[in-house]
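Colleague: I have this model open and would love a close look at a single part of it. Could you choose one strand and follow it outwards through its partners and surroundings?

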Amino acid sequence: MKKELVVVYSNSGKAFALAQDYTLKNDADLMRLKVRFDPKGFLRYVYWGYKVTFKKPVKLSGIDKDLKAYELITIFSPIHAGKICAPIRSFVFSNRSYLDKVKIVTVHLAKDTDYRDAVKALEDELIFKFSEFDSRIVE
Ligand SMILES: Cc1cc2nc3c(=O)[nH]c(=O)nc-3n(C[C@H](O)[C@H](O)[C@H](O)COP(=O)(O)O)c2cc1C
């Protein structure tokens with residue numbers, strides 16, 4: 001049983017590759033969140049843009065680890081429309097009571113920001129505090 005669990009949602013696999021690399025380097029367990037409908041190409045911008053903008057809940061599967069059993073949970077979250085993406089928002093929202101020490105890593109294309117403000121917005125909305133913050137740029 002590892003001490004750290006890495007949680008990731010990834011549409012294209014880019015955020016997943018980063019999470020996988022981090023998992024290996026930190027001797028952690030990895031859990032990939034799955035969603036029922038995950039369109040590719042242009043449609044993903046419309047679909048996920050809508051979900052995140054209107055704070056729509058997302059039904060998740062793939063939660064096959066005991067969240068309470070880990071000392072640290074590290075979440076890799078793609079940024080959608082300047083915000084923490086809808087699947088990660090739903091994950092934190094639904095599991096708040098089981099989450100203690102949680103690090104969040106934003107994953108994004110923009111090179112001129114780390115989206116710390118998006119993390120702050122989610123903290124304010126969910127009345128939840130992340131214990132650590134980091135960010136990664138994807139191409
Ligand atoms: C709907 C949508 C909105 C996005 N908005 C932003 C954005 O505001 N800023 C940014 O830097 N990247 C944005 N991106 C790029 C994603 O952050 C990037 O593709 C993602 O981190 C890679 O994750 P993936 O593995 O889920 O594809 C957006 C992507 C999508 C699909």
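Modeller: Happy to! Let me start at the edge of the part I have in mind: Val-7 has Met-31 of β2 as its bridge partner. That is one place where β1 meets β2 (residues 29–32), and 4 bridges join these two parallel strands; strands are DSSP E runs of at least two residues, helices H or I runs of at least four, both numbered from the N terminus. Please keep in mind that this is a predicted model, in which local features need pLDDT of at least 70, side-chain atom pairs need 80 or more, and totals for chains, interfaces and linings take in all residues. Numbering starts from 1 along each chain as its sequence is written.

From β1 (4–8) we come to β5 (72–80), the strand I would like to dwell on. β1 and β5 pair (at least two DSSP bridges) in the parallel sense, over 5 bridges, with Glu-4 standing opposite Leu-72. β5 also pairs with β7 (102–108), again in the parallel sense, and here there are 6 bridges. Thr-74 and Lys-103 stand opposite each other along that pairing.

What about the partner that runs antiparallel to β5? That is β6 (residues 83–84), joined to β5 by 2 bridges. His-80 has Lys-83 of β6 as its bridge partner. The hairpin of β5 and β6 has 2 residues between the strands, and Ala-81 lies in that loop. Have a look at its backbone: Ala-81 is not a glycine, yet its phi is positive, near 50 degrees. Ala-81 counts as partly exposed because 14 other C-beta atoms lie within 10 Å; the count is 20 or more for buried, 12 or fewer for exposed, and in between for partly exposed, with C-beta atoms placed from the backbone.

β5 itself is mostly covered, with 8 of its 9 residues buried. Two residues of this strand, Ile-75 and Phe-76, are among those that touch the most other members of the 30-residue largest nonpolar core (buried Ala, Val, Leu, Ile, Met, Phe, Trp, Tyr and Cys joined through C-beta atoms within 7 Å); Val-6, Val-7, Val-8, Cys-85 and Ile-88 are the others. Besides β5, the elements that each supply at least two residues of this core are β1, α1, α2, β7, α3 (86–95) and α4 (116–126). Beyond its neighbours within four places in sequence, Phe-76 is in contact (C-beta atoms within 7 Å) with Val-6 and Val-8, with Ala-15, Leu-18 and Ala-19, and with Val-105 and Val-107.

Another neighbourhood worth a look is α3, the helix that holds Ile-88 among its buried residues, along with Ala-86, Pro-87, Arg-89, Ser-90, Phe-91 and Val-92. With 7 of its 10 residues buried, α3 is therefore largely enclosed by the rest of the structure.

β5 has a place beside the ligand too. It is one of four elements, with α1 (14–25), α2 (42–53) and β7, that each supply at least two residues of the shell around the ligand (C-beta within 6 Å). That shell has 21 residues, the closest being Ser-12, Ala-15, Pro-78, His-108 and Ala-110. α2 gives the most to it, with 4 residues.

Finally, a little way along from α2, Lys-55 lies in the loop that leads to β4 (60–61). Lys-55 also takes a positive phi near 50 degrees, and it counts as exposed because it has 12 C-beta neighbours inside 10 Å.

Definitions and conventions:
Contact = placed C-beta atoms within 7 Å.
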